[in-house]
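Good morning, colleagues. Please take a moment to look at the sequence and the structure on the screen before I begin.

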Amino acid sequence: FIVGVLIFGISGTIAFTEGLKIVKNPEEHELHPEFMIYNIIALLIAIALEGYAFSVAYKEASAYKAKTRQPTLLRALNEMQDPVLNSVLAEDFLALVGLVVALIGITLTSVLNEPIIDGYTSLIIGIILGLGGLFLAKENKTYLIGIAVNPTTQAQIRERVLANEEIKELQ
């Protein structure tokens, strides 16, 4: 909980602060066009790797959705009481969004030779990371404080208990 919130909170704050510096003084931001292709290649590799990680988490979540017969993945995730899978899925999704924003930003900065675009890109990434930290804090808080058994699990327990012939009634 704390590590996830700190990682997203600190990195979001740093990205936002750096973006603000660039937007306020774009003329002081040095562009290095000769390195842009390496940045783009690194981001494409990162997107591929993060995309794979997200696909693994997504398959796990989809399997849970099918198992519980939920109509939507969001509903299944809401009922799921697995903080690890929920966190991994959220973190991977946020990382992918951030990487795509970075790729678009660095490509536009390079093509248009406009440093202010780099600043706005950092601002957007900072906001994404900050909101991600808040979302993870909210989600993980319920696991720390405690959460009631979800209705699907409760119904399965009730069904199994009532299947016992010695039990006449369950309230």
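I shall speak about three residues and their surroundings.

This is a predicted model, in which local features need pLDDT of at least 70, side-chain atom pairs count only at pLDDT 80 or more, and totals for chains, interfaces and linings use all residues. Residues are numbered from 1 along each chain as its sequence is written, and side-chain values use heavy atoms, with hydrogens and water left out.

Let me start with Tyr38, which sits in helix H2, residues 33–68; helices are DSSP runs (H or I, at least four residues), numbered from the N terminus. Is Tyr38 buried or exposed? Tyr38 counts as exposed because its relative accessibility is 55%; exposed means over 50% relative accessible area, buried under 20%, and partly exposed in between, with a 1.4 Å probe and protein chains only.

I turn next to Thr121, in helix H5, residues 115–145. Thr121 has a relative accessible area of 10% and is therefore buried. A polar atom of its side chain lies 2.8 Å from the backbone oxygen of Ile117. Apart from neighbours within four places in sequence, Thr121 is in contact (heavy atoms within 4.5 Å) with Val101, Ala102 and Gly105.

Finally, Ala90 belongs to helix H4, residues 83–112. With a relative accessible area of 11%, Ala90 is also buried. Which residues does Ala90 touch, not counting those up to four places away in sequence? They are Phe135 and Leu136. Between the C-alpha atoms of Ala90 and Ile22, which are 68 residues apart along the chain, the separation is 29 Å.

Methods:
Helix = DSSP H or I, 4+ residues; strand = E, 2+ residues; numbered from the N terminus. Polar contact = N/O pair within 3.5 Å; in protein donor to acceptor, adjacent residues only side chain to side chain.
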